[in-house]
Structure formats: C-alpha cells, structure tokens
Amino acid sequence: MKLVICVVFMLLGLSHSQSPDECACAESCPEISCPAELRVRDRCDCCETCLGVEGSVCSEEIGRFCALSDHKYGFSCVMDPTGKDRYGECHCKHPKKGPFCGQDGVTYKTKCDLQVASWMRVKRNSSKVDVAYHGECEELPILTRRPGNVNNRTGEKVYLACEAYGIPTPHITFRKITQLEDESEMFEEMPSDRLNMAVQIRGGPDKHKISAWVLVDPLMTEDAGLYECLASNTQGSVSDKGYINIIH
C-alpha cells in the first residue's frame, strides 16, 4: 500500500513539474537579439533565450534569468514587493548610479553593463574592460547640421544655421573668412560690431546638442562672403563653411 501511494505521488509530482503541455516545444523558436555569450537554453531546452540586463523581465517561473547574477557587479531579479506582478526586472547590484566611461571609450549606463561587456570580451579572448571614470565618455564634436549656402538680394533677411553634438556639449562660433591679398585669411568673429547681424545660440534639441544661427537683417553688399561654423569642446573642434551670395 505504501509503495502504491509513493508511486502515485511521484506521478503527481512529475505531472505538476514537467507536464507535456508545460514543456511542449513550439514548431519554431522566436527571434532573439542578444550577443552569443548571453544566450542560454530555456528551461524546457527547446529554444535559446537571453540573459537579462538592466530593465529586462525576469522570473524563475518562466526561466528568464539575469546576467552575472552571482557576481557582485551583476544583475539581480527584483520582484514586485506587493506580489501583484508575477514577473520581476533585472537591476544592477552596484549602488552607484551611472553612467560610467569604460577604458574602451564606450559609455555604459551602469557598472553592471560594463561588467557584462568586460565578461563577454574575455569570453572572446580579448582584454577585459575597467572603468576609466565616472560619467559619460568625452567625444569630439560632430556637425549634425551644416551652414550651406544662401542666395538673396540686398535689403532682405537671411540666416545661416549650424548644429553640433559632442561630449561635453560643444561651443559654437561663427566667423567670417576674408581672403587677403597675400593669400592669408582673416577671421572675423560674428556678430563683431555689425549692427545688422545677430548670433543666437541655444542648447538642444537633444542632450549634448547645440544649435546656432547668424541672422543678417537687412542684407548688405559687404555681408557677402564665406562664413564658418566652428564647434569646439575639450576633445577638439570641427568646422564647415557656407557662402552668403548677393543676387543682383
């Protein structure tokens, strides 16, 4: 009798934990987009799934786990304390908030993201990545909008626009370039003392972007020529030029 009861309970346990319906594999596996080092087999060994990073859904119940969960700079699955949600989210165990600049020149949101990247590099037989400094990695400015050329008649209103991105946020300067007789160049920073010119600069529209305009109103003959937009920060500078041409 005891043997019968034991066998019945064993069958019930097997039915509860490994029922055919629970672990029935689909005909095809869903597409996943994570590096090979973060791919693991699901709990039914049917398909590959991704280890979670910051903000990823996690749950032992559905077999979704966080990356480097056993490491002090790994991710832990944080469940809803109210118990209303069956699933949790992967969150970095490191208490200090990011961003962090890695020695590879990449900005990481958390120390754990950097640790995962370092772990993957080692798995690929490359060198590990350490923190270079706390904060975003500095970047040379790039022009996201260039001044271009403007053609108009005297007496009209014209402007040249320029936009740049960089870390730290660049500073933009407009300069008029005049070719001298000895083939050297003279740079005149705008608006100089010109009463018909104004330069407007504002941050944005995105983080670390800056936009600038040089407004000419009214356009006069002496305003024609070559103008340069120069964007600079601690990493260097970049520039581009545009003409203001007078239509006769």
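Here is a short chat about a buried residue, two nonpolar cores and a pocket in this predicted model.

Reader: Why is D223 called buried?

Author: Buried means under 20% relative accessible area, and D223 has a relative accessible area of 0%, so D223 falls under that cut-off.

Reader: Where is D223 found, and what does D223 touch?

Author: D223 sits in the loop between β15 (209-216) and β16 (225-233). Not counting residues up to four places away in sequence, D223 touches K176, R194, N196, M197, V216, P218 and I244.

Reader: What makes the largest nonpolar core a core?

Author: Its members have to be buried residues of certain kinds, such as Leu, Ile and Phe, joined through side-chain atoms within 4.5 Å. The largest such set has 20 residues, and L160, I172, F174 and I244 have the most contacts inside it. At least two residues of this core come from each of β11 (158-167), β12 (171-179), β15, β16 and β17 (236-246). Another core, of 13 residues, lies apart from it, with A67, L68, C90 and V116 among them.

Reader: Which residues is L160 in contact with, leaving aside its neighbours within four places in sequence?

Author: Among them are P147, V150, F174, W213, Y227 and I244.

Reader: How many residues line the largest pocket, and what kinds are they?

Author: The lining has 26 residues, with D42, E48, T49, I62 and R64 nearest the centre. They divide into 16 nonpolar, 5 polar and 5 charged. Strand β2 (residues 48-50) gives the most to this lining, with 3 residues. The volume of the largest pocket is about 540 Å³.

How values were computed. Residues are numbered from 1 along each chain as its sequence is written. This is a predicted model: local features need pLDDT of at least 70, side-chain atom pairs count only at pLDDT 80 or more; totals for chains, interfaces and linings use all residues. Side-chain values use heavy atoms; hydrogens and water are left out. Helices (H or I, at least four residues) and strands (E, at least two) are DSSP runs, numbered from the N terminus. Buried means under 20% relative accessible area, exposed over 50%, partly exposed in between (1.4 Å probe, protein chains only). Contact means heavy atoms within 4.5 Å. On a 1 Å grid over the protein atoms alone, a cavity is a set of points where a 1.4 Å probe fits but cannot get out, and a pocket is an open set with protein on both sides within 12 Å along at least five of seven lines; lining residues have an atom within 4 Å of a point. Grid points are joined across faces, edges and corners, and a volume is the space filled by probe spheres set on the points. Ala, Val, Leu, Ile, Met, Phe, Trp, Tyr, Cys and Pro count as nonpolar, Asp, Glu, Lys and Arg as charged, and the others, Gly among them, as polar.
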